[in-house]
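Visitor: I would be grateful for a close look at one part of this protein, namely its nonpolar residues, both inside and on the surface. Please explain formally, as to a first-year student.

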Amino acid sequence: MAVYSSGEVALNAPAQTVFSKLSNLENLKGMLEKVPADRIPDDKRQMFENLKITSDTIEVPGGPMGSLTFRVVERKSPSLIKLKGEGIPMDMSLAMHLKEKSEETSSAKVELDIDIPMMLRPMIGGQIQKIADQFGQVLGSIPFA
């Protein structure tokens, strides 16, 4: 397994508030709609508009390969929300680690853990790292308060 981590991003709400909102994935769609337009590229915003979200799953349109579904497999209040990829030929998980910074702020770090062959890592590792970084940036742009 290879782990790709975003940098730590500052959040404008306590970890418990962020956890409460993100642990039910249905809240995510409304929060993404409130992110300022200049913080998300147009192609990503269009992708967000096509997400299918339930309380425990996110289905991301995947183009020619089909869609990718992430299901919540672990919740540890207020520090961890972990999702696992379904319907793909490799093991893949996405974890959001939350850390309290003060009574009014927290931070988040996103980790993508993916089982890719060692020889493919140099070819696609950069793209996967970019996805982890972008996910972290979007998380930092969401107005949780």
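Guide: The following account goes from the whole chain to its core and then to a patch on its surface. The model is predicted. The chain contains four helices and eight strands, and from the N terminus these elements follow the order β-β-α-α-α-β-β-β-β-β-β-α. The C-alpha trace spans about 45 × 25 × 25 Å along its principal axes. The radius of gyration is 15 Å, which agrees with the value near 15 Å of a compact globule with 145 residues. Among contacts with a separation of 6 or more, 55% join residues 24 or more positions apart.

Let us turn to the interior. Of the 145 residues, 37% count as buried. In soluble globular proteins, nonpolar side chains tend to be buried together. Here the largest nonpolar core has 38 residues. Tyr4, Leu22, Leu83, Met96, Leu139 and Phe144 are the ones that touch the most other members. Leaving aside residues up to four places away in sequence, Tyr4 touches ten residues by name: Val110, Glu111, Leu112, Ile114, Ile116, Arg121, Gly125, Ile128, Gln129 and Ala132.

The surface also has nonpolar parts. The chain exposes about 8200 Å², of which carbon and sulfur atoms supply 54%. Met119, Leu120, Met123 and Ile124 form a nonpolar patch there, and their accessible area together is about 410 Å². Ile124 lies in helix α4, which covers residues 121-141. Because its relative accessibility is 32%, Ile124 counts as partly exposed; the range for this class runs from 20% to 50%.

Notes: Residues are numbered from 1 along each chain as its sequence is written. This is a predicted model: local features need pLDDT of at least 70, side-chain atom pairs count only at pLDDT 80 or more; totals for chains, interfaces and linings use all residues. Side-chain values use heavy atoms; hydrogens and water are left out. A nonpolar core is a set of buried Ala, Val, Leu, Ile, Met, Phe, Trp, Tyr and Cys residues joined through side-chain atoms within 4.5 Å. Buried means under 20% relative accessible area, exposed over 50%, partly exposed in between (1.4 Å probe, protein chains only). Contact means heavy atoms within 4.5 Å. Patches are made of residues with over 30% relative accessible area and no salt bridge: like charges are joined within 9 Å, nonpolar side chains (Val, Leu, Ile, Met, Phe, Trp, Tyr) within 5 Å. Accessible areas come from the Shrake-Rupley method with a 1.4 Å probe; for residues, only the protein chains shown count as cover. A salt bridge is a side-chain nitrogen of Lys or Arg within 4 Å of a carboxyl oxygen of Asp or Glu. Helices (H or I, at least four residues) and strands (E, at least two) are DSSP runs, numbered from the N terminus. The radius of gyration is taken over C-alpha atoms; the globule rule is 2.2 Å times the number of residues to the power 0.38.
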